[in-house]
Each structure stands twice: as structure tokens, then as C-alpha cells.
Amino acid sequence: MSAITIAVVVFFSVAVIIAVAASVWLYASNRRTKELRSKFGPEYRRMARAEGDAGQAERLLLERERRVKKLEIKPLSETERNEFADAWEHAQAEFVDDPTAAVTHADILVQEVMNVRGYPVVDFEQRVADVSVDHPAVVQNYRLAHEIATRDDDEVGMEKLREAMLHYRALFADLLHDGGLSPVRQVRRVA
């Protein structure tokens, strides 16, 4: 074989290897994107908009997943679930007499459930990021409720406080049941 023939064969072999590698990378990248979109849903879209780059959003979401995998997240025991359900019902009842205090208690109760489950609760943004890994469908509820809860009392009307309680309840139920398949009130056994 001549040197030119060998060079042509090597060139086409390298080109084929590069094409195969690029195809594998593209397939893996598309698969990762689909998995992250499916898993994180609205949180994926929010992150992509916030970052202005889907690739950067995906890196951040994967980083969140790695961080949460290192945590020791555990389900609640039946006793803990019942105690938290009772506390939630108390917070909801408190809404009638003092809506602002009820929303504050709901925020604290969500943090307590997260803490018992094993989520760090030091910083709000980190809490949101951590809980988004296992509870992506309701993490936006947490943002909305917290945003209402931290406003000045003068800005928040009764309807906004009611919305905050509903948002907190969605997240609370999801945390309580490790997926939120049952409403909060169905946590306790019927006597």
C-alpha cells in the first residue's frame, strides 16, 4: 500500500470515529435533557429561562441531584406524619383568627418537616434547590408561598394569604407523604 492510500484510510477512519463519538455524545446529551425535563418539569423550564442557557441549567440541576444524593433524606414515620398532620390542621384553623400568623406557622412547619426528613434548612434558596430534586412539581408552590409570607403586612391582603396557605399545603402534603399522593387530612387513620 502506498503512503497516500494509508493516509486516506487513516483520515476516513478518524472521521468515522469522530462521527460515531459525536453521535454518541449527542444521543447522551438529548437523553439527559429529556430525563431532566421529565423529572424537573416546570423547574427545568424556570432554570433554563433564569440561566438563559439550557446547558447551564442542566449542569445546575445535575449539581443539585448530586448534592441531594449525599444527604440522608428519609421518609417520615407514621407517628411523625400524624403529628405533623395535626400541626398542619392547627395552622389551618388558626387562619380564621390570624391569617398572617397562620402563614408564618405554615412556613415554619414546612421547614420542620424538611429538617426531620433530612433536608438542610439554613438558607431559603438552598432549601428550594434541595427540595426541587425530590419534589419538583411543588417547588414553585414553595417559592410563591414564601414570597407572600415575607412581604410587608400592608402589601398582603387576605386573598394572598389564602394563596400562600394553599401553596404551603401542596408542598407540605408532598413532603409528608414522600410524593403527596394523599391530601394532608387523610394522613390520620379514621377511628
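**Entry 1: overall layout**

I read the protein chain along its sequence and noted the pattern α-α-α-α-α-α-α-α. My tally for this chain is eight helices and zero strands. I keep in mind that the model is a predicted one.

I then looked up the radius of gyration, which is 24 Å for the protein chain. The globule rule gives 16 Å for 191 residues, and the value here is well over that, so I put the chain down as more spread out than a compact globule. The C-alpha trace spans about 95 × 40 × 25 Å along its principal axes.

**Entry 2: burial, surface and charge**

I checked how much of the chain is buried: 37% of the 191 residues. The exposed area of the protein chain comes to about 11,500 Å², and carbon and sulfur atoms supply 57% of it.

For charge, I noted 26 positive and 31 negative side chains. The centres of these two sets lie 9 Å apart.

I also looked at contacts between residues at least 6 apart in sequence; of these, 60% join residues at least 24 apart.

**Entry 3: nonpolar cores**

I asked which residues have the most contacts inside the largest nonpolar core. They are Val110, Tyr142, Tyr168, Phe172 and Leu175, in a core of 30 residues. Helices α4 (78-97), α5, α6, α7 and α8 each supply at least two residues of this core. The most comes from α8, which gives eight residues.

There is a second, separate core of ten residues, and I found Tyr44, Ala57, Leu61 and Val133 among them.

I took Tyr142 from the core list and looked up its contacts, leaving out residues up to four places away in sequence. Tyrosine 142 touches Asp107, Val110, Gln111, Met114, Phe124, Arg127, Val128, Val131, Tyr168 and Leu171.

**Entry 4: helix α6**

Why do I call α6 largely enclosed by the rest of the structure? Helix α6 covers residues 124-134, and eight of its eleven residues are buried, so the description follows from the count. The buried ones are Phe124, Arg127, Val128, Ala129, Asp130, Val131, Ser132 and Val133. I note that this list includes Arg127 and Asp130.

I then looked up what these buried residues pack against: α1 (3-40), α2 (42-51), α3 (54-70), α5 (99-117), α7 (139-149) and α8 (158-176).

**Entry 5: three charged residues**

Arginine 64 sits in helix α3. Is arginine 64 buried or exposed? Its relative accessible area is 12%, and the cut-off for buried is under 20%, so arginine 64 is buried. Leaving out residues up to four places away in sequence, arginine 64 touches Glu43, Arg46, Met47, Ala129, Ser132, Val133 and Arg143. Ala129, Ser132 and Val133 in this set are also on my list of buried α6 residues.

Glutamate 163 is in helix α8. Its relative accessibility is 25%, and I count glutamate 163 as partly exposed. I looked up its distance to alanine 145: the two are 18 residues apart along the chain, with 7.3 Å between their C-alpha atoms.

Glutamate 83 is in helix α4. I found glutamate 83 exposed, at a relative accessible area of 52%. From glutamate 83 to tyrosine 168, the separation is 85 residues in sequence and 17 Å in space, C-alpha to C-alpha.

Methods: Residues are numbered from 1 along each chain as its sequence is written. This is a predicted model: local features need pLDDT of at least 70, side-chain atom pairs count only at pLDDT 80 or more; totals for chains, interfaces and linings use all residues. Side-chain values use heavy atoms; hydrogens and water are left out. Buried means under 20% relative accessible area, exposed over 50%, partly exposed in between (1.4 Å probe, protein chains only). Helices (H or I, at least four residues) and strands (E, at least two) are DSSP runs, numbered from the N terminus. Contact means heavy atoms within 4.5 Å. The radius of gyration is taken over C-alpha atoms; the globule rule is 2.2 Å times the number of residues to the power 0.38. Accessible areas come from the Shrake-Rupley method with a 1.4 Å probe; for residues, only the protein chains shown count as cover. Lys and Arg count as positive and Asp and Glu as negative; His and the chain ends are not counted. The place of a charge is taken as NZ of Lys, CZ of Arg, CG of Asp or CD of Glu. A nonpolar core is a set of buried Ala, Val, Leu, Ile, Met, Phe, Trp, Tyr and Cys residues joined through side-chain atoms within 4.5 Å.
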